[in-house]
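Trainee: Could we go through the ligand site together? I'd like to take it step by step.

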Amino acid sequence: MAIETVNPATGETVETFEPHDSAEVERRIAQAFAAAQTLRDTSYAQRAQWMHATADILEGDVDRAAAMITLEMGKPIAQSRAEVLKCAKNIRFYADNAESFLAPEELADPTAVSASAAGTVWQPLGVVLAVMPWNYPLWQVIRFAAPALMAGNTGLLKHASNVPQSALYLDELFEKGGFPAGSFRTLLIGSREVAAVIEDSRVKAVTLTGSEPAGRSVASTAGQEIKKAVLELGGSDPFIVMPSADLDAASSVAVKARISNNGQSCIAGKRFIVHADVYDAFVDLFVDKMKALTVGDPMDEATDVGPLATESGRADVAELVEDAVAKGAQVLAGGSAPDRPGWFYSPTVLAGLTDDMRVVMEETFGPVASVYKVADREEAVRVANQTTFGLSSAVWSGDENEQDWFVANLDAGAVFLNGMTVSYPELPFGGIKDSGYGRELAAAGIREFCNLKTVWKA
Ligand code: NAP
């Protein structure tokens with residue numbers, strides 16, 4: 001895949017980048033390795049100071065960075081600005097909390113293990129490789145980088161090939177904030193070069209956010225090398241609506257969940273599973289609101305839905321819709337690409353789905369919703385759990401017992417009640433089943449790439 005910025009709103013190639021050759025890759029790995037020896041000996045207070053300086057830079061740069069994101073992958077500009085500011089928030093969160101998340105612990109009764117003192121300390125692993133997707137070009141990377149660097153690790157980034165400007169922006173960011181040179185380095189390489197980087201003995205662990213095939217490939221290399229891996233993969237999140245739900249609020253949030261990031265969010269509600277008693281009322285509201293969305297230039301503040309990030313991504317979405325329609329699905333809204341330059345796809349709602357349709361089991365990475373009518377909560381959970389994914393989920397219900405029942409029975413890394421799934425620095429984030437393993441964010445996220453060392457003293 002060429003490493004280039006192509007404006008998805010027009011299809012025009014803006015800038016092409018030369019991949020790093022093997023000598024440059026070697027130089028950058030060596031820099032990250034050397035920086036890891038320095039960084040592990042710095043104090044939390046020092047690292048926190050550099051982190052806050054990094055957050056200051058991002059906040060001061062919000063308009064320029066947001067325009068870069070929208071140019072490279074097409075999300076509406078207001079969402080790009082929000083992404084940049086969320087990155088700064090996450091950086092400050094780890095600056096302020098890393099030391100307590102990684103505080104040493106002492107066993108209250110060391111005599112139980114025949115010791116005078118015993119406990120644990122957290123230590124950094126060293127160089128960690130991050131393989132990242134284009135859908136949140138800064139956020140996905142910062143979600144990894146802020147905890148990794150605060151723990152005293154250094155980072156190497158292999159970013160998606162269609163967001164090289166974002167990759168190079170991140171390459172400089174932490175150094176500008178004061179971190180030692182080499183603490184965070186971008187590798188402009190293709191996906192075929194990733195295995196060799198994982199195999200390099202100086203690289204201690206890998207995290208990948210992306211598709212299931214990419215996850216399988218990276219995890220198998222990491223497995224061969226016996227190196228720690230975290231996988232944040234795809235999802236086809238259920239959004240369940242029960243009779244006691246506030247339907248107006250649920251339908252508005254359902255639209256937001258489905259079209260946020262032009263429908264290209266891993267944790268988006270993708271399958272809308274609605275109790276038969278409120279199915280018609282909910283679907284009418286949902287379809288009207290999907291039809292009312294403004295599709296257009298993502299640089300325009302009034303745009304709700306911009307283009308998909310890549311031409312192939314749009315083709316994948318169109319294929320899933322065509323497959324469902326050919327097998328008898330009804331199109332309640334959209335269902336095709338508008339006639340205009342760029343990789344747009346109209347907000348779409350599909351109903352009348354049967355299990356032989358690909359859209360039922362696969363991830364739709366675009367503004368396409370599927371709606372399912374279910375008789376009761378048991379059927380809702382059966383439909384929700386029937387995909388191979390298990391990233392997040394949302395349930396709309398006014399009944400607290402029913403909420404608890406769904407929390408207990410949904411196969412997912414998270415359940416959001418009467419809301420849509422959103423990630424917060426304070427809450428762990430990740431999935432089960434084919435959505436991956438490991439957690440990002442919160443205390444769990446910073447501990448993934450640390451050695452929990454047991455210390456025992458006679
Ligand atoms: P992708 O094709 O898997 O790409 C993700 C990253 O992996 C890119 O840097 C890509 O490089 C690299 N890559 C691809 N194949 C690889 C391989 N065989 N070995 C090593 N690296 C490889 O995914 P995407 O299309 O960019 O992103 C969409 C997917 O990511 C969706 O499934 C979405 O749900 C998932 N996602 C998950 C989360 C989460 O937190 N769970 C968050 C966001 C997105 P190239 O660009 O050079 O191919």
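Trainee: How many nonpolar, polar and charged residues does the shell around the ligand have?

Mentor: The shell around the ligand has 15 nonpolar, eleven polar and four charged residues, where Asp, Glu, Lys and Arg count as charged and Gly is among the polar ones. Keep in mind that this is a predicted model, in which local features need pLDDT of at least 70, side-chain atom pairs need 80 or more, and totals for linings use all residues. Residues are numbered from 1 along each chain, and side-chain values use heavy atoms, without hydrogens and water.

Trainee: Which residues come nearest?

Mentor: Of the 30 residues around the ligand, each with a heavy atom within 4 Å of it, the nearest are Trp 134, Ser 161, Ser 211, Leu 233 and Glu 363.

Trainee: And what is 2.6 Å from an oxygen atom of the ligand?

Mentor: That is an N or O atom in the side chain of Glu 363, while a polar backbone atom of Met 132 lies 2.8 Å from a ligand oxygen; a polar contact is a pair of N or O atoms within 3.5 Å.

Trainee: New topic: why does the ligand lie between two domains?

Mentor: Domain 1 (4-233 + 433-457) and domain 2 (237-417) both give residues to its shell, so the ligand lies between them, with domain bounds taken from an automatic or database assignment.

Trainee: Which helix gives the most?

Mentor: H8 does, with three residues, and helices here are DSSP runs (H or I) of at least four residues.

Key
A polar contact is a pair of N or O atoms within 3.5 Å; within protein, one must be able to donate a hydrogen and the other to accept it, and residues adjacent in sequence count only if both atoms are side-chain atoms. Helices (H or I, at least four residues) and strands (E, at least two) are DSSP runs, numbered from the N terminus.
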